[in-house]
Amino acid sequence: MAIGGVGAGGGAGSGEGQGRSVLVTGGAGFIGTHTVLQLLEKGYAVTAVDNFHNSVPEALDRVRHIVGPALSARLQFIFGDLTIKDDLEKVFAAKRYDAVIHFAGLKAVAESVAHPEMYNRNNIVGTVNLYDVMKKHGCNKLVFSSSATVYGQPEKVPCFEDSPLKALNPYGRTKLYLEEMLRDYQHANPEWRTILLRYFNPIGAHESGDIGEDPKGVPNNLLPYIQQVAVGRRPELNVYGYDYRTRDGTAVRDYIHVVDLADGHIAALEKLFATPDIGCVAYNLGTGRGTTVLEMVSAFEKAYGKENPGEDVPEEAGRFGAGVRVHRQGRRGARLEGQVRDRGDVQGPVELGQEEPVRLLRRR
């Protein structure tokens, strides 16, 4: 079950985060912008840092538009690259932070197979730099955006937090290494509080339709690719493999609404504030329900009213098929409670600045 949250408005915020300041790395990205928005709605002061590798400044402008001027006054943006420690020093010199939510990093499986050195440099070096600067400035609460790819190809599904960990590609291995690194750091520094959040496929958009997923270049995730085919930006959808041991032969994934995911990160943040002895703990975020590629395509076509041309192509390197169906379950301790969203959302621009609205998956 994913975490539910409040709607947008432009009011003064609900007050949970009053007086607390949170740094969000990768704050201009798909998940980052939705998390920044939800943090503002809950009364936090937010600083977003991003280098716009796979995002644009307009995304945060749209967050400001959604929340209105009163909440926008609590949002600060700083351009920065986590692999450059001087950039982080400037971020932490700007103000004191009570906690950090860490999204920044590269996340494309195929790209990581082709360029593992780039993933090690960005994901690992960037996080090491972040930890060093946090420690120097006395900030010891961290929510780390990990991934369910750390489970690799599991023997049993759904996965639980104590399922075996075995990443199968360079991207997944960077996440797995960082999880182990953060455990080691917390063990050596017991005052640190760290939550690792594992999830697979965020989808959807804020109910306003003003922000959503608009990756630069060729999308690496299924839903934005389907959207781009639907509006004619790409000629067809390639389905990687029809011979998996699933109900229709295509890969299965656990899709979670991006606003649920944002609220899940905030629930983790609030758990850090409330639990001094939490240590370093992992949680899965997901619905516990798997959806195949063809089911996702069919649902989109039904909602959008247009067929997506497609082609069967060989399996992509580094991916696995009988996909992990992630189920969030706190079997070893307190749970992160909440509700699953159940609605159809409209993401106004598939391409920022584009007029035509595209209706996203309507979950029934």
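This report describes the overall make-up of a predicted model and then its aromatic rings.

## Overall architecture

The chain contains nine helices and 15 strands. Of its 364 residues, 57% are buried. The accessible surface of the chain comes to about 14800 Å², and carbon and sulfur atoms account for 50% of that area.

Contacts in the chain can also be viewed by the distance along the sequence that they span. Among contacts with a separation of 6 or more, 80% are made by residues 24 or more positions apart.

## Aromatic pairs: F52 and F77

Six aromatic pairs are found in a search of the whole structure. One of them joins F52 and F77, with 5.2 Å from centre to centre and 25 degrees between the planes. This pair is classed as stacked, because planes under 30 degrees apart meet that description.

The two partners come from separate elements of the chain. F52 is located in the loop between β2 (45-50) and α2 (57-72), while F77 belongs to strand β3 (residues 75-79), so their pairing ties together parts that are 25 residues apart in sequence. F52 has a relative accessible area of 16% and is therefore buried, the limit being under 20%. F77, at 27% relative accessibility, counts as partly exposed. Ring pairs also bring F79 into the picture, linking F52, F77 and F79 into a cluster.

## Aromatic pairs: Y131 and W192

A further pair is formed by Y131 and W192, whose ring centres are 4.6 Å apart. Their planes stand at 35 degrees, so this pair is tilted. Y131 lies in helix α5 (residues 116-136), and W192 lies in the loop between α6 (170-188) and β6 (193-198); the pair therefore ties together parts that are 61 residues apart in sequence.

Both residues fall under the 20% limit for burial. The relative accessible area of Y131 is 5%, and W192 has a relative accessibility of 3%.

## Charged groups over rings

Aromatic rings in this model also take part in arrangements with arginine side chains. The charged end of R20 sits over the ring of F273, at 3.9 Å from the ring centre. In another such arrangement, R253 places its charged end over the ring of F200, 5.3 Å from the centre of that ring.

## Summary

The predicted model combines nine helices with 15 strands. Its aromatic pairs include the stacked F52 and F77 and the tilted Y131 and W192, and the rings of F273 and F200 each have the charged end of an arginine over them.

Technical notes
Residues are numbered from 1 along each chain as its sequence is written. This is a predicted model: local features need pLDDT of at least 70, side-chain atom pairs count only at pLDDT 80 or more; totals for chains, interfaces and linings use all residues. Side-chain values use heavy atoms; hydrogens and water are left out. Helices (H or I, at least four residues) and strands (E, at least two) are DSSP runs, numbered from the N terminus. Buried means under 20% relative accessible area, exposed over 50%, partly exposed in between (1.4 Å probe, protein chains only). Contact means heavy atoms within 4.5 Å. Accessible areas come from the Shrake-Rupley method with a 1.4 Å probe; for residues, only the protein chains shown count as cover. Rings of Phe, Tyr and Trp (its six-membered ring) pair if their centres lie within 6.5 Å; planes under 30 degrees apart count as stacked, over 60 as edge-to-face and the rest as tilted. A charge sits over a ring if NZ of Lys or CZ of Arg is within 6 Å of the ring centre and within 35 degrees of the ring normal.
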